Amino acid sequence: MSTLPLVSICIPVYNGEIFLEEALVSAFNQSYSSIEIIISDDKSDDDSLLLVDKLKIYNQKDFEVKIYSHQRLGLVPNWNFCLSKASGKYIKFLFQDDVLDSNCVDKMVALAESKPEIGMVFTPRELIVNDGMQVPFGVDILHEFWGNLQPIQKGSSLLKRTVLVQDPVNKIGEPTNVLIRKEILDKIGDFDANLAQIVDWEMWLRIISNSDIGFIDEKLAKFRIHGKQATNQNFIVGRGWDDIYKIWLKVLNDPVYHKVPLCSRLLIKSNLLYRLIDTFIKALPARKPDDLRLLSRYIKMAIMS
């Protein structure tokens with residue numbers, strides 16, 4: 001029996017047949033030996049599940065593969081469904097578009113095991129750009145916006161940095177380049193399904209607020225940017241434009257963030273009010289009553305926080 005801690009590689013799937021093969025093969029090719037793979041199919045209407053069955057020939061290490069097919073839950077609930085089925089000490093998400101380096105899990109677990117207070121380990125990631133997509137500023141170097149990062153740092157030290165509220169707000173990246181200690185999730189809860197965009201950033205904030213953070217300065221994952229991914233589709237239909245306001249209001253008011261230092265709260269509140277008022281002023285010419293009412297409500301909530 002392996003004495004290595006079990007890692008659950010969670011692969012939420014929805015109509016992912018285009019890139020799923022590369023993702024799944026990268027999971028099977030991990031050098032780390034104590035792995036279970038959880039595939040949660042959100043009622044795909046393509047050949048994703050047939051592809052998964054076909055690709056089992058690459059499972060040379062005989063990782064346990066758990067396949068779940070269920071009614072359509074939606075993006076974030078499907079992530080959380082994966083979490084509910086995970087048995088590992090650590091959670092390693094792998095999105096159907098992305099790819100893991102063969103040593104990714106091995107190196108992340110080694111750092112996480114060095115200190116039990118580490119709730120999350122993250123790394124830079126390489127970008128794979130498809131469909132002629134334009135890469136937003138800084139997406140390829142998110143970690144550099146923190147400034148100096150050590151292999152291990154207190155989460156509170158990151159919260160105290162003024163760059164916390166500056167763009168790009170998500171300076172960690174996506175779930176594919178993160179390893180999470182399952183124990184911390186048991187304390188702080190699942191991904192917030194009330195959010196449509198930057199859902200992962202809100203989770204990272206909760207983890208940062210409650211644990212130490214590990215960092216490996218090596219690209220151990222590849223993040224794919226393409227026109228059909230959920231983030232771009234949400235942007236096209238206008239979903240989640242206000243998520244950043246919801247997140248900062250949650251940090252100021254939700255008990256799960258009670259460890260956030262006072263100096264960080266003041267920084268967040270002042271920046272939030274500035275952003276809200278600026279957005280409100282810019283929204284006036286468009287005269288969209290629903291947006292203006294929502295922004296007014298957020299401003300009042302921020303003042304009262």
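## Strand pairing in the sheet

Two strands count as paired if DSSP finds at least two bridges between them. This structure is a predicted model. In the model, F122 stands opposite F215 in β10. At another position, I118 faces D212 of β10. Strand β6 covers residues 118-122 and β10 covers residues 212-215. The two run parallel, joined by 4 bridges.

β10 also pairs with β8. Here the strands run antiparallel, and 3 bridges hold the pair. Q153 is set opposite I213 in β10.

## The whole sheet

Which order do the strands take? It is β3-β2-β1-β4-β9-β6-β10-β8. These 8 strands form an open sheet with mixed pairing. β3 (64-69) and β8 (152-154) stand at the edges. Each of these two has a single partner strand, so one side of each lacks a neighbour in the sheet. On average, neighbouring strands of this sheet are turned by 20 degrees against each other, direction ignored.

Are the faces of β10 covered or open? Both are covered. D212 and G214 lie on one side, and I213 and F215 on the other. All of these residues are buried.

## The cavity

How many cavities of 30 Å³ or more does the structure hold? The count is 1. The largest cavity encloses about 40 Å³ of space.

Its lining consists of F122, T123, P124, R125, D140, L142, H143, I172 and N177. By class, that lining has 4 nonpolar, 3 polar and 2 charged residues. F122 thus links two topics: it lines the largest cavity, and it stands opposite F215 in β10.

## Cysteines

A disulfide needs two cysteine sulfur atoms within 2.5 Å. By this rule, the model has 0 disulfides. Why is C82 not bonded? The closest cysteine sulfur, in C10, is 4.9 Å from the sulfur of C82, which is too far for a bond. C104 is in no disulfide either. For C104, the nearest cysteine sulfur is again that of C10, 14 Å away.

Are C82 and C104 buried or exposed? C82 counts as buried because its relative accessibility is 0%. C104 is also buried, because its relative accessibility is 0%. The cut-off for buried is under 20% relative accessible area.

Notes: Residues are numbered from 1 along each chain as its sequence is written. This is a predicted model: local features need pLDDT of at least 70, side-chain atom pairs count only at pLDDT 80 or more; totals for chains, interfaces and linings use all residues. Side-chain values use heavy atoms; hydrogens and water are left out. Buried means under 20% relative accessible area, exposed over 50%, partly exposed in between (1.4 Å probe, protein chains only). On a 1 Å grid over the protein atoms alone, a cavity is a set of points where a 1.4 Å probe fits but cannot get out, and a pocket is an open set with protein on both sides within 12 Å along at least five of seven lines; lining residues have an atom within 4 Å of a point. Grid points are joined across faces, edges and corners, and a volume is the space filled by probe spheres set on the points. Ala, Val, Leu, Ile, Met, Phe, Trp, Tyr, Cys and Pro count as nonpolar, Asp, Glu, Lys and Arg as charged, and the others, Gly among them, as polar. Axes are lines fitted to C-alpha atoms, for helices over the stretch in contact, and angles run from 0 to 180 degrees between N-to-C directions.
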